Amino acid sequence: MLSGARGRLASALRGTSAARSAVACRCLHASGSRPLADRSNKTEEPPRAFDPALLEFLVCPLSKKPLRYEASTNELINEELGIAYPVIDGIPNMIPQAARMTHQSKKQEEVEQR
């Protein structure tokens, strides 16, 4: 089955450079990638902001408690556990390994002040 598809792709690629380019563009479009020429013409878009309305539905994946959005650090905070999840381009990264500890830094500051 794969050998037949591979053969059809190979024969399509043996055509003219215009046909080769068209096949490559279709393959890239189907895979979700864009050619480098398209990327260079893309204007830089500002990062998307987090929608606070999502807080109604989002909970901490570890404790299942509500989260608080901190705009200054662009993070979702779980006060109870002392962890903060980053928000990247308006999308919360709720993977526990991506979270950072917040209470630990406060405890270290208290120890250093003594």
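Me: Where is glutamate 75 found?

Reply: This is a predicted model. In it, glutamate 75 sits in strand S2, residues 75-78.

Me: Is glutamate 75 buried or exposed?

Reply: Compare its relative accessibility with the cut-off: buried means under 20%. Glutamate 75 comes out at 9%, so it counts as buried.

Me: With which side chains does the side chain of glutamate 75 make a polar contact?

Reply: One is the side chain of threonine 73, at 3.1 Å. Another is the side chain of arginine 100, at 2.8 Å.

Me: Leaving aside neighbours within four places in sequence, which residues is glutamate 75 in contact with?

Reply: The list runs Arg68, Tyr69, Glu70, Ala84, Tyr85, Pro86, Val87 and Arg100. Arg100 is thus also the polar partner named above.

Me: Tyr69 is on that list. Now to aromatic rings. How is a pair of them described?

Reply: Two quantities do it: the distance of the centres and the angle of the planes.

Me: How many aromatic pairs are there here?

Reply: The count is one. Phenylalanine 50 pairs with tyrosine 69, with 4.8 Å centre to centre and 35° between the planes. The pair is tilted, because stacked needs planes under 30 degrees apart and edge-to-face needs over 60.

Me: Which parts does the pair tie together?

Reply: Phenylalanine 50 lies in the loop between helix H3 (36-41) and strand S1 (68-70). Tyrosine 69 belongs to strand S1, so the pair links parts 19 residues apart in sequence.

Me: What does relative accessibility say about phenylalanine 50 and tyrosine 69?

Reply: Phenylalanine 50, at 6%, counts as buried. Tyrosine 69, at 22%, counts as partly exposed.

Terms used:
Residues are numbered from 1 along each chain as its sequence is written. This is a predicted model: local features need pLDDT of at least 70, side-chain atom pairs count only at pLDDT 80 or more; totals for chains, interfaces and linings use all residues. Side-chain values use heavy atoms; hydrogens and water are left out. Rings of Phe, Tyr and Trp (its six-membered ring) pair if their centres lie within 6.5 Å; planes under 30 degrees apart count as stacked, over 60 as edge-to-face and the rest as tilted. Helices (H or I, at least four residues) and strands (E, at least two) are DSSP runs, numbered from the N terminus. Buried means under 20% relative accessible area, exposed over 50%, partly exposed in between (1.4 Å probe, protein chains only). A polar contact is a pair of N or O atoms within 3.5 Å; within protein, one must be able to donate a hydrogen and the other to accept it, and residues adjacent in sequence count only if both atoms are side-chain atoms. Contact means heavy atoms within 4.5 Å.
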